[in-house]
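Colleague: Please take one part of this model and go through it closely. Keep the sentences short, and give me the cut-off for each term as you use it.

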Amino acid sequence: MTATSPAPAPAAAAFDDGAAVRVRGLVKRYGDRTVVDGVDLDVRRGEVFALLGPNGAGKTTTVEVLEGVRRRDGGDVTVLGEDPARGGRAWRGRLGVVGQSTGSGNALTVRETLDHFARYHAAPVPTAELLADVGLTDAARTRVDRLSGGQRRRLEVALGVQGRPELLFLDEPTTGMDPVARRQFWTLVEGLRARGTTVLLTTHYLDEAAHLADRVGVISAGRLVEVAAPADLGAELRRVATVRWLEHGEYREVTTPEPAAVLRDLVAASPTGDVPGLTVTRPDLEDVYLQLVAAAEGETR
Ligand SMILES: Nc1ncnc2c1ncn2[C@@H]1O[C@H](COP(=O)(O)OP(=O)(O)OP(=O)(O)O)[C@@H](O)[C@H]1O
């Protein structure tokens, strides 16, 4: 699932290394607490990048600096070729932002809200199409302050993509969505990627990151611990497998980098050649993520 970036125009090629977002040594402090502590990050044009990390790790803070809504205390940041601290209206118009849900609402209907905000964009996605994309067609005439939490989240996503952004920031976009809405959202993001939109999202759902992201970055205590394709994250940790089997009515298990050798020994030692209850498992993304975060937290203590 590697996204290939569209070739840059020749005139821009000399200055464009393919990065939609380029961050070097980003630092953000609140008082004497450093909550983002020297983050380096590149998001390539056309890729879907997921930031993972525990509560309070600094994901939202990082994303808000990139959006230009929060000032940084150190480091260099370029987003679509500009420093977000100085980005003007034209630059802002190339971004889509879906922040953490505010839960606020108003007396306008869903359709009226979308129609209202359409005026701020040069080429908005037609409201009917947006409603269908986020699964709100049936709720088009519902007042926003009467929407459920998940429906409101769908509306926020619709508003984020309405202006056909080049770069879309999604902060925990599917929190509160039911499984059907979540799948609809995944389809929406896949469609955006197919059209070349760059997406930077934060999520606590590892299945979402594995499904959507070309690359994931794990952030812990303000530091980026690792960046890799979901299947490659924690490559060292994934080399080991757990072999489990039943012996005299009790489960035994061995964790080994060479499960094939363990299996050979087990089969050889079995009078029938059969190994009851045998399973071989390798760590999945969640196992790897938990180990990376635990290791990073251990280091910062
Ligand atoms: N305006 C603020 N003033 C002071 N501290 C803040 C402020 N905003 C965030 N923080 C602190 O900065 C740290 C990082 O918060 P941030 O919201 O970036 O984390 P996060 O990784 O997005 O977490 P979550 O997964 O819970 O959304 C936290 O300890 C938080 O309490």
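Modeller: Start with helix α7, residues 179-194, which lies across β3 (48-52), β6 and β7. Helix α7 runs at about 145 degrees to β7. The model is predicted, so local features need pLDDT of at least 70 and side-chain atom pairs count only at pLDDT 80 or more, while totals for chains, interfaces and linings use all residues. Residues are numbered from 1 along each chain as its sequence is written.

Now the terms. Helices (H or I, at least four residues) and strands (E, at least two) are DSSP runs, numbered from the N terminus. Axes are lines fitted to C-alpha atoms, for helices over the stretch in contact, and angles run from 0 to 180 degrees between N-to-C directions. Contact means that the C-beta atoms of two residues, placed from the backbone, lie within 7 Å.

A second helix, α6 (residues 149-161), lies across β5 and β6. Helix α6 runs at about 170 degrees to β5.

Which sheet do these strands belong to? It is an open sheet of 6 strands, in the order β5-β6-β7-β3-β8-β9, with mixed pairing. Its edge strands are β5 (95-98) and β9, and each pairs on one side only. From one strand to the next, the twist averages 15 degrees. Two strands pair if DSSP finds at least two bridges between them. Strands of a sheet pair through backbone hydrogen bonds, either parallel or antiparallel.

This sheet has examples of both. Strand β6 (residues 167-171) and strand β7 (residues 198-202) run parallel, joined by 5 bridges. Here Asp-171 stands opposite Thr-202 in β7. Strand β8 (residues 215-220) and strand β9 (residues 223-228) run antiparallel, and 5 bridges join them. Ile-219 has Leu-224 in β9 as its bridge partner. The hairpin of β8 and β9 has 2 residues between the strands. In that hairpin, Ala-221 takes a positive phi near 45 degrees.

Step back to the chain. It has 11 helices and 12 strands. Of its 301 residues, 34% count as buried, meaning that 20 or more other C-beta atoms lie within 10 Å of the residue's own, with C-beta atoms placed from the backbone. Among contacts between residues at least 6 apart in sequence, 68% join residues at least 24 apart. The C-alpha trace spans about 75 × 45 × 45 Å along its principal axes.

Conventions: A residue is buried if 20 or more other C-beta atoms lie within 10 Å of its own, exposed if 12 or fewer, and partly exposed in between; C-beta atoms are placed from the backbone.
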